[in-house]
Amino acid sequence: MDHNHTSQTPGAQGTPTTAPGAQRRVLVVEDDPTIVDAVAMRLRAEGFQVQTAADGPAAVDTAEAWQPDLLILDVMLPGFDGLEVCRRVQSQRPVPVLMLTARDDETDMLVGLGVGADDYMTKPFSMRELAARVHVLLRRVERATLAAHTPRTGILRLGELEIDHAQRRVRVTGEDVHLTPTEFDLLVCLAHSPRAVLSREQLLAEVWDWADASGTRTVDSHIKALRRKIGADRIRTVHGVGYALETPTAAAAEGA
């Protein structure tokens, strides 16, 4: 298979579609030919346009020239690694990134989330789950795009934490906090039930649309990344159960 092949699905980039994968461009960056062929084949079957790259420099060049809607990005790459690819691509334009790692190392995962990745999967992974994660990430971006053109509506205030649903913006003590689309949806899920403990499985189903308990480590890593941005004391861990958003006793209020 030609690893620089682009499927010829017609249509304009960024146009809202009814079919989940129609017209969307996915760049798969992976140096293992077996994995890249399998991923590309599955995504093309889902209706995506796909290009591939096998090293860091080629990934950055292809992303700049082709303007993909989403990156699937291996951490370990020749040239320079996936973390550097993520940094460089995100500096050009914001694009959702699903990182792949062969190491089940939480430090690597947190670094990946810190440089702009929205989600990650640890090898080996199922193609069904990968396709599901891709659809979820693209739906989040679509929601964020629609929100940017939606008139300002209610703001949820929980003490010094302020969540603007319409604009998908978060402020802590009056300062804007940059969250990835995944982090925003995770915070909103917790904020809709302040102080209530939500299990990892609940969060996985609500935020990731994925009901497989094998993904609960993903929830843990995103919670850690979110704590770094909004304050560690705002999210309480209930060991063996899940997480709760801590709020001042009488803080929850809807404002215009």
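Before I start, one definition: two strands pair here if DSSP finds at least two bridges between them. What I am showing is a predicted model.

With that rule, take strand 4, residues 97-101, and strand 5. These two pair in the parallel sense, over four bridges. One position to look for is Leu100, which stands opposite Met121 in strand 5.

Now the sheet they belong to. Five strands make up this open sheet, in the order 2-1-3-4-5, and the pairing is parallel. Which strands stand at the edges? They are strand 2, residues 49-53, and strand 5, residues 119-122. Each has a single partner strand, so one side of each is left without a neighbour in the sheet. On average, neighbouring strands of this sheet are turned by 20° against each other, with direction ignored.

A helix lies against this sheet. Helix 3, residues 82-92, packs on it and touches strand 3, residues 70-74, as well as strand 4. The direction of helix 3 makes about 155° with that of strand 3. Also in this part of the chain, Arg88 lies over the face of Phe80, at 4.1 Å from the ring centre.

Next, follow the chain out of strand 5. Pro124 lies in the loop between strand 5 and helix 5, which covers 127-148. Is the peptide bond from Lys123 to Pro124 cis or trans? This bond is cis, with omega near -5°.

Another loop has a backbone detail of its own. Arg168 is placed in the loop between strand 7, residues 161-164, and strand 8, residues 169-172. Arg168 is not a glycine, yet its phi is positive, at about 50°.

Let me move to the second sheet. This one is an open sheet of three strands, with the order 10-12-11 and antiparallel pairing. Strand 10, residues 198-199, and strand 11 stand at its edges; each has a single partner strand, so one side of each has no neighbour in the sheet. Helix 8 packs on this sheet, touching strand 11 and strand 12, and its direction makes about 150° with that of strand 11.

Within that sheet, strand 11, residues 235-238, and strand 12, residues 242-245, pair in the antiparallel sense over four bridges. Thr237 stands opposite Tyr243 in strand 12, and the bridge partner of Val238 is Gly242. The hairpin of strand 11 and strand 12 has three residues between the strands, and in it Gly240 takes a positive phi near 80°.

Last, the helix pair. How do helix 7, residues 200-208, and helix 8, residues 216-230, cross? Their axes come within 9 Å and cross at roughly 85°. Angles of 65 to 115 degrees count as roughly perpendicular, and helix 7 and helix 8 are therefore roughly perpendicular to each other. On the helix 7 side, the residues in contact are Arg200, Glu201, Leu203, Leu204 and Trp208. They meet Thr216, Thr218, Val219, Asp220 and His222 in helix 8. By class, this contact has four nonpolar, three polar and three charged residues.

To close, the two sheets once more: five strands with parallel pairing in one, and three strands with antiparallel pairing in the other.

Conventions: Residues are numbered from 1 along each chain as its sequence is written. This is a predicted model: local features need pLDDT of at least 70, side-chain atom pairs count only at pLDDT 80 or more; totals for chains, interfaces and linings use all residues. Side-chain values use heavy atoms; hydrogens and water are left out. Axes are lines fitted to C-alpha atoms, for helices over the stretch in contact, and angles run from 0 to 180 degrees between N-to-C directions. Contact means heavy atoms within 4.5 Å. Angles under 35 degrees count as roughly parallel, over 145 as roughly antiparallel, 65 to 115 as roughly perpendicular and the rest as oblique. Ala, Val, Leu, Ile, Met, Phe, Trp, Tyr, Cys and Pro count as nonpolar, Asp, Glu, Lys and Arg as charged, and the others, Gly among them, as polar. A charge sits over a ring if NZ of Lys or CZ of Arg is within 6 Å of the ring centre and within 35 degrees of the ring normal.
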